[in-house]
Amino acid sequence: MHAGFALIDDKHVPVSRIVWISDLPHFCGSEDCTVEGLYEVRIEGDDSLFCTREDRDGALDAMQGWFNPGD
């Protein structure tokens, strides 16, 4: 992965555009929900991406590397 980007689902997202990342999977209880059990990654412009735990952890690692490049 290139520095400054996180792979979320099938998208290379600039880490600088990520606002927050959920710690718990989505649960709303709606029968027609298509993102139940996935993790939300909020990006600028009130948009969200939903991803697996592995993608979420990869995004967190990318953010950590972006904020602390020496680590």
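Let me start with a definition: when I say contact, I mean heavy atoms within 4.5 Å. Helices (H or I, at least four residues) and strands (E, at least two) are DSSP runs, numbered from the N terminus. Hello everyone, and thanks for coming.

What we have here is a predicted model, in which local features need pLDDT of at least 70 and side-chain atom pairs count only at pLDDT 80 or more, while totals for chains, interfaces and linings use all residues. Residues are numbered from 1 along each chain as its sequence is written, and side-chain values use heavy atoms, with hydrogens and water left out.

Let's begin with the helix. α1 has 15 residues, and from its first C-alpha to its last it reaches 21 Å. That is close to the 21 Å expected at 1.5 Å a residue, where the expected span is 1.5 Å times one less than the number of residues.

Which residues of α1 are buried? They are R56, A59, A62 and M63. Buried here means under 20% relative accessible area, exposed means over 50%, and partly exposed is in between, using a 1.4 Å probe and protein chains only. These four cover an arc of only 120 degrees around the axis, which puts them on the same side of α1. The arc is taken from the directions from the helix axis to the C-beta atoms. As a reminder, an α-helix has 3.6 residues a turn, so residues three or four places apart point the same way. On the other side of α1, E54 and D61 are exposed. And what covers the buried residues of α1? The cover includes β1, β3, β4 and β5.

That brings us to the core. A nonpolar core is a set of buried Ala, Val, Leu, Ile, Met, Phe, Trp, Tyr and Cys residues joined through side-chain atoms within 4.5 Å. The largest one here has 14 residues, and those with the most contacts inside it are A6, I8, V13, I18, I21 and V41. At least two residues of this core come from each of β1 (5–8), β3 (18–21), β4 (39–43), β5 (47–51) and α1 (53–67). Take V41 as an example: leaving aside residues up to four places away in sequence, V41 touches I8, I18, W20, I21, D47, S48, L49 and C51.

Now look at β1, where the side chains alternate. A6 and I8 point to one face and are buried, while F5 and L7 point to the other and are not. β1 runs antiparallel to strand β2 (residues 11–14), and 4 bridges join the two; strands count as paired if DSSP finds at least two bridges between them. One of the partnerships is F5 with P14 in β2.

The hairpin of β1 and β2 has 2 residues between the strands. D9 is in that loop, and its phi is near 60 degrees, a positive value in a residue other than glycine. For background, most residues other than glycine have a negative phi, and most peptide bonds are trans. A second case is D46, with a positive phi of about 55 degrees although it is not a glycine. D46 is found in the loop between β4 and β5.

Both of these residues come back in the charged pairs. How many salt bridges does a search of the whole structure find? There are 7, a salt bridge being a side-chain nitrogen of Lys or Arg within 4 Å of a carboxyl oxygen of Asp or Glu.

D9 pairs with K11, the closest N and O atoms being 3.3 Å apart. D9 is partly exposed at 47% relative accessibility, and K11 is partly exposed at 35%. D46 pairs with R42, with the closest N and O atoms 3.8 Å apart. D46 counts as exposed at 69%, whereas R42 is partly exposed at 22%.

Back on the helix, D57 and R56 meet in a salt bridge at 2.8 Å, N to O. Is R56 buried or exposed? At 5% relative accessibility, R56 counts as buried, while D57 is partly exposed at 29%. Finally, salt bridges that share partners join D9, D10 and K11 into one network. Thanks for listening!
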